[in-house]
Amino acid sequence: GSTIDVAWARRFIALATADVLAHRVELSELDREIGDGDHGENLARGFTAADAAVQASEATTVGGILKLVATTLMSTVGGAAGPLYGTAFLRAAKVSDVADVDAAGVHALLEAALGGIVARGKANVGDKTMVDAWTPAVAAASEVAAAGGSAADALAAAARAAGEGAEATIPLVALKGRASYLGERSAGHKDPGAASTALLLDAAARAAAE
Ligand code: ADP
Ligand code: MG
Ligand code: MG
């Protein structure tokens, strides 16, 4: 169909959790280069708890699931990424407390998530953070929605754009978060939060394609 629903939300979190667990070492290695090496472990802990809560939940809306993810991530992830992803999921939940979400709804949900991250972390595009993956993802979803595409198309385009945005952080000098302590030495490494954003949006897209 052209929309995503609560079953999509459950599949998304199951796939996201499996992907985080499969890539936890890689995400922590990225964080070891320019941070404190815990990003993969932080997300593995958070998504394992979120997935357990989600699969046991009787929520009937997309937002009901996303809100549960938000509160679980906030209480389990810690560091910078916990509050950032927690706020992203919370804001996304607020605009998706409905049974079915279309492409315009996907755009609204992603835009709300990005708004939460920026409200919390105050990063600008180009500061070498997860914002550099979320921003092109929101723009890509907007284009698909304007062109009359499906929710699955919007998520696929968003995931592709997030992946490109994450790659594009490599040459950047970090201006926010722990990586900024390295100054110029942060250049030449991919930002771990941008990499995990691309991974999460890829799971969201695959959950919609099923
Ligand atoms: P910590 O740095 O506390 O160990 P994590 O390793 O889990 O937390 O997460 C690091 C990621 O958080 C970074 O790669 C970056 O993408 C993101 N991040 C850090 N500070 C900010 C910020 N102010 N705005 C947006 N994203 C940020
Ligand atoms: Mg870290
Ligand atoms: Mg840390």
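Trainee: Which element gives the largest share of the shell around ligand 1?

Mentor: The largest share, 3 residues, comes from α9. This is a predicted model, in which local features need pLDDT of at least 70, side-chain atom pairs count only at pLDDT 80 or more, and totals for chains, interfaces and linings use all residues. Residues are numbered from 1 along each chain as its sequence is written, while chains are lettered from A and ligands numbered from 1 in the order in which they are written.

Trainee: What makes α9 a helix?

Mentor: Helices are DSSP runs of H or I with at least four residues, strands are runs of E with at least two, and both are numbered from the N terminus. The chain has 9 helices and 2 strands.

Trainee: Why is the chain called as compact as a globular protein of its length?

Mentor: Its radius of gyration is 16 Å, close to the 17 Å that the globule rule gives for 210 residues, so the description applies. The radius is taken over C-alpha atoms, and the rule is 2.2 Å times the number of residues to the power 0.38.

Trainee: What makes residues of α1 buried?

Mentor: A residue is buried if 20 or more other C-beta atoms, placed from the backbone, lie within 10 Å of its own; it is exposed at 12 or fewer and partly exposed in between. Among the buried residues of α1 are Trp 8, Phe 12 and Val 20. Over the chain, buried residues make up 58% of the 210.

Trainee: How does the span of α1 compare with that expected?

Mentor: The expected span is 1.5 Å times one less than the number of residues. Helix α1 has 17 residues and reaches 24 Å from its first C-alpha to its last, close to the expected 24 Å.
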